[in-house]
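User: I would like to understand how terms are applied to a structure. Please show it and explain the labels.

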Amino acid sequence: MVETPKDFIQKEENVIIKGNVAAAYAAKSARVQVISAYPITPQTTVVEKLSEFADNGEMPGTQYIKVESEHSVLASIIGASKAGTRTFTATSGQGLFYMHEMLHWAAGARLPIVMAIASRGPAPPWNIWADFTDVLSQRDTGWMSAFCSSHQEIYDEILMSYKVCEDHNILLPKFVAYGGFILSHTSKPVIIEDQDKVDNFLPPLLDEEGWPHIWMDPKRPMMFGNLIMPSGFYQEFRLKIHDAHIRAKEKIIKAAQEFKQLFGRGYGNGLIQEYKMDDAEVGMIIYGDLALQMEDAVDYVREEGYKVGMVKLRHFRPFPTEDIIGVAKKVKLLGVVDRATAFGSQTGGPVSCEVKAALHGTKDTANILPIINGLGGREVTLEQQKNQLRKLVKFNETGEVPKDTIHGTLWDCLLEVK
Amino acid sequence: MTDDNIIEITFHGRGGQTAITASQLLAELAYEKGFKDAIAIPIIGAERRGAPIQAFTKLSKDRLIKTYDSVVNPHFILIFDTSLLDIPRVQDTIKDGVTLVVNSKDPFDTSKFGKIIKLYIIDATGICIKREFMHASGPILNIPMLGAFGKITGYYDLEIMEKVIKKQFGAKRLEKNMMVAKDAYESVKEG
């Protein structure tokens, strides 16, 4: 490990920064050793800030690689991670799609890479604004995925993610996603933690030590990713990836607990975060930036006399099946809000599908009302979210399905087509 | 819990007039002064220099701000360029009871808006030209506009501005920034 010059050692500070800058600070605090970058809106300022840190000498020992495409970003990060270094990059929408082949490679090779995603809607029509279809459509690549609803949470979640990914019993890559522009370009107060404290939570990696399954060493040549015959261990490798995902849940819970103890900020149990669900009659499952705003909506609708609550889904992979069943036993009706699409699926929304699947076979669980809103960054106002809650209350009281559902899903606030 | 706990400000400017930076600086100024929470929300599309742009800042003295949505009923509107007042989209944001802070040399008739408003004018462009406070595409209006806003609201003073400007832009640029801020602080008037 290269020592940081005294002037550059991060002391605890409270700064007003953009969500993207919070992601860059997290990578710096985590003492990442290799960054590979290609710009894409709305992520660009993450890697811009990191190049500034690297150029200033604030990240001594960190290699900053500029490449010609997102595919090469992940290819170079995979090489660096294979050599046993802590790696970081960030991307959005089309850039993530271009990485797709390499995403499978990173998970298959069991590399603990952390990648920030400033989510944006897939083209066409061309779109650069918040929509989580980019990260959710990578569901089966073997990457874990977390969603952040505040600027502070971006910083905190990246630190927690390294802890879980690098656990020698897990070794999986992870996305840390947040809404493009809504979080990436707005500015809010964020606490950047003291470097010693971060090192204590997430110890810097030792030089010349690899991951337990891959240790690149010219003195001990190994072959990576070669052909495996159908009679070989391919199926067993796949099972092990799934098994690691399931086992990662308890590690995520443990990391969140440790984080809270050390830094004083809690995020539910790490997998989900409930808000006023204990005496609620109806609830809303929601993720990303809209989850924070929904807390205000819950408070307002409660003032009107309705017992509503909400659950922030913090992780999509691994999916917190047990926690969702627990929540679905508390209330009679759950809305599930997607800012993303899963065309042709049961509900049209990736998370609502997942919630429905999780409840299959368990008795006495809530009915589900899938909701889709805010696609391609369309603004979702506080007022709109209050109305969503009121619709749930009415649906629960009368049993009448809201009139504006299409194929069983509430596509909220559609424009009128003339 | 009511909306009254959150002070909402809308910025109307043209690309290059530094209104987006102003929305961020305002969040920092208020936070530095001891507000509990602040958020700056730029509305980002594909703007070019000179195109109308919009940004918002929300401030709260006593609660966390959890919303990311646009401001529709601002307490204050900062207009960086009087030509924007002819645009219907901009006019629509002017509601009864709002306080307008306009970069203008002279007072002007606000009856065309048909709303009960309070008007302050500040010759921000004039100050920038006088102090040669310019960048490649024109005067740097954010500092004088924020100087005027601080004087009107009392949310922060010149001392806080000095602290934040130093942190953001470094000691080298502090003197000129503060000269401009002070000019605006002293010259803003009711229109």
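Analyst: The following discussion concerns salt bridges and exposure. This is a predicted model, in which local features need pLDDT of at least 70, side-chain atom pairs count only at pLDDT 80 or more, and totals for chains, interfaces and linings use all residues. Residues are numbered from 1 along each chain as its sequence is written, chains are lettered from A and ligands numbered from 1 in the order in which they are written, and side-chain values use heavy atoms, leaving out hydrogens and water.

User: Why is the contact between A:Asp278 and A:Lys330 called a salt bridge?

Analyst: A salt bridge requires a side-chain nitrogen of Lys or Arg within 4 Å of a carboxyl oxygen of Asp or Glu. For A:Asp278 and A:Lys330 the N to O distance is 3.4 Å, so the pair satisfies the rule.

User: What makes A:Asp278 exposed?

Analyst: Buried means under 20% relative accessible area, exposed over 50%, and partly exposed in between (1.4 Å probe, protein chains only). A:Asp278 has 71%, and therefore counts as exposed. A:Lys330, at 36%, is partly exposed.

User: Which residue of chain B forms a salt bridge with A:Asp296?

Analyst: The partner is B:Arg63, with the closest N and O atoms 2.7 Å apart. This pair crosses between chains.

User: Why is A:Asp296 called buried?

Analyst: Its relative accessibility is 2%, so A:Asp296 counts as buried. B:Arg63, at 12%, is buried as well.

User: How many salt bridges are there over all chains?

Analyst: The count comes to 39.

Conventions: Helix = DSSP H or I, 4+ residues; strand = E, 2+ residues; numbered from the N terminus.
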